[in-house]
Amino acid sequence: MAWGQAGASSFLTLRWIDRRRVNGYSAVLLFVSFAAVGFALIEALGPDGSDFLAFWSAGKLVLAGDPAAAYDLAATGAIQAGVGRSDVFAFVNPPPLLLVIWPLGALSFPLAWLVWVAATYALWLWATRPLAPRLTMPLAAYPGALLAATHAQTGFVTSALQACFARLLDRRPVAAGLCLGALIVKPHLAVLFPFALAADRRWTAFLAAGAGVVLWLALAWALLGTETMLAYRQSWQVSRVLMGEDDAAFFLRQATVYAQFRAWGLPSAAVVAQAAAAQAAIALTWRGWAGKAGLSAKLALLFALTPLATPYMFNYDLPFLAVPSLWLVAQSVAAPRGRFERAELLALYLAPALARTFALPLQVNLTPLVCAWLAWRVWQRMAQESVENAADGAVLRLS
């Protein structure tokens, strides 16, 4: 009986999981993910289509010499009708993204979909791996990355930019700032970053980020023309219509506090709740980055809090959550805490996919709660690190 209790305890606390098993299970998860991506492509070719149609049709219009038409619903709709669409997936991203996606217009839709997913996944993995060098397989199989892959959206690109910012911040702050400035393609993903840089007095990166925004916009203006820059304003109305609809399913596919209250049909409460969440995220970011913890801990906190700071973010934007999740894993390996810490870390690792899976059936998006939970665990770890660093005068940095 005692042995049985001990065995059950060992099983539930996941003490039997070693590095070999972690890599093996990650390989299985990665294989299943590849299969899921295949099904996602089949679905994208079906009547439901895919958001990727917006990128593909925009690329075709750029190649045709009319980039401003990327924001014209009639022009993009005519191209998408050629692959069986009766409605339109609108391109709503700022013009600098056109500088990245235009080659897709030279390919057929299925090939462009596959090339985009494979190339952006490889970019994200390359950019993020140095932040978790001993956890390559769990990183490659990260469930948040699966969401990005099946949607063929911009999640890998933006998460790669965030990872490059993290890698370069200590050694090459100007380059880090330029990477951050490139998030002008989805600026709501960078809401907390200026507060973090200011709190840590990283003014070089702060100014470089501002310069980067100007640079990327100027480059788009020079290459795509004034008409394209002005045409971008047409997309604001599309976004306004989408965000103004009372479509619970649309909001449950997002990952924010605001979206959850909108899914419940509470628009006023959504504004108040999101404002409170954003203020809390800003305050925690400032306090954490002004403290004595190492840069790795600060980055983990920044990434964990990011989904709480913006009202608009989809689940496919979440590959960057691999950074705080795997940082906690590395901390646990170095200094274990609690009997069920491994089980908790496994739940946090799987959470992006599980939250998306259960959102529609339960009518609850658990992602904001997951991010709050993740940020709390990071905060606890970095608080201890701050005490240790204050005691010996050291400040840990990324290698």
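Is Pro368 buried or exposed? The exercises below work through this and related points on a predicted model.

**Exercise 1. Place Pro368 in its surroundings.**

Step 1. Find the element. Pro368 sits in helix α21, which covers residues 367-392.

Step 2. Apply the cut-off. Buried means under 20% relative accessible area. Pro368 has 10%, so Pro368 is buried.

Step 3. List the contacts. Leaving aside residues up to four places away in sequence, Pro368 touches Ala255, Thr256, Val257 and Leu308.

Step 4. Check a distant pair. Ala36 is 332 residues from Pro368 along the chain, and their C-alpha atoms are separated by 25 Å.

**Exercise 2. Classify the packing of α3 against α4.**

Step 1. Take the geometry. Helix α3 spans residues 52-63 and helix α4 spans residues 73-81. They pack at an angle of about 105°, and their axes are 9 Å apart.

Step 2. Assign the class. Angles of 65 to 115 degrees count as roughly perpendicular. Therefore α3 is roughly perpendicular to α4.

Step 3. Name the partners. From α3 come Leu53, Ala54, Trp56, Ser57, Lys60 and Leu61. They meet Ala75, Thr76, Ile79 and Gln80 of α4.

Step 4. Sort the residues of this contact. The split is 6 nonpolar, 3 polar and 1 charged.

**Exercise 3. Decide whether Cys164 is in a disulfide or in none.**

Step 1. Recall the chemistry. A disulfide is a covalent bond between the sulfur atoms of two cysteines.

Step 2. Count the disulfides. The structure holds 0.

Step 3. Check the distance. The nearest cysteine sulfur to that of Cys164 belongs to Cys179, 4.8 Å away. The cut-off for a disulfide is within 2.5 Å. Cys164 is in no disulfide.

Step 4. Add burial. Cys164 has a relative accessible area of 13%, so Cys164 is buried. Cys371 has 0% and is buried too.

**Exercise 4. Describe the surroundings of α10.**

Step 1. List the buried residues. In helix α10 (residues 173-181) they are Ala175, Ala176, Gly177, Cys179, Leu180 and Gly181.

Step 2. Find the cover. It includes α9 (155-168), α11 (193-199) and α12 (203-224).

Step 3. Look at one residue of α12. Ala209 is in that helix. Ala209 touches Gly177, Leu180 and Gly181, not counting residues up to four places away in sequence.

Step 4. Test its burial. Ala209 is at 11% relative accessibility, so Ala209 counts as buried.

Step 5. Compare sequence and space. Ala209 and Lys60 are 149 residues apart in sequence, and their C-alpha atoms are 30 Å apart.

**Exercise 5. Set the UniProt record beside the model.**

Step 1. Read the record. The unreviewed UniProt entry lists "transmembrane region" for residues 22-42, 100-127, 174-197, 203-224, 295-314 and 358-376.

Step 2. Take residues 100-127. This span is 75% helix and 0% strand, with end C-alpha atoms 17 Å apart.

Step 3. Take residues 174-197. This span is 54% helix and 0% strand, and its end C-alpha atoms lie 12 Å apart.

**Exercise 6. Examine phi at Ala152 and Gln363.**

Step 1. Set the expectation. Most residues other than glycine have a negative phi.

Step 2. Check Ala152. Its phi is positive, about 50°. Ala152 lies in the loop between α8 (143-151) and α9. Its relative accessible area is 1%, so Ala152 is buried.

Step 3. Check Gln363. Its phi is also positive, near 60°. Gln363 lies in the loop between α20 (341-362) and α21. At 37% relative accessible area, Gln363 is partly exposed.

Key: Residues numbered from 1 in each chain as written. Predicted model: local features only at pLDDT ≥ 70, side-chain atom pairs only at ≥ 80, totals over all residues. Heavy atoms only, no water. Axes fitted to C-alpha atoms, helices over the stretch in contact; angles between N-to-C directions. Helix = DSSP H or I, 4+ residues; strand = E, 2+ residues; numbered from the N terminus. Parallel < 35°, antiparallel > 145°, perpendicular 65-115°, else oblique. Contact = heavy atoms within 4.5 Å. Nonpolar A, V, L, I, M, F, W, Y, C, P; charged D, E, K, R; others polar. Buried < 20%, exposed > 50% of the residue type's maximum accessible area, 1.4 Å probe, protein only. UniProt positions renumbered as here; feature names shortened; annotations may be inferred.
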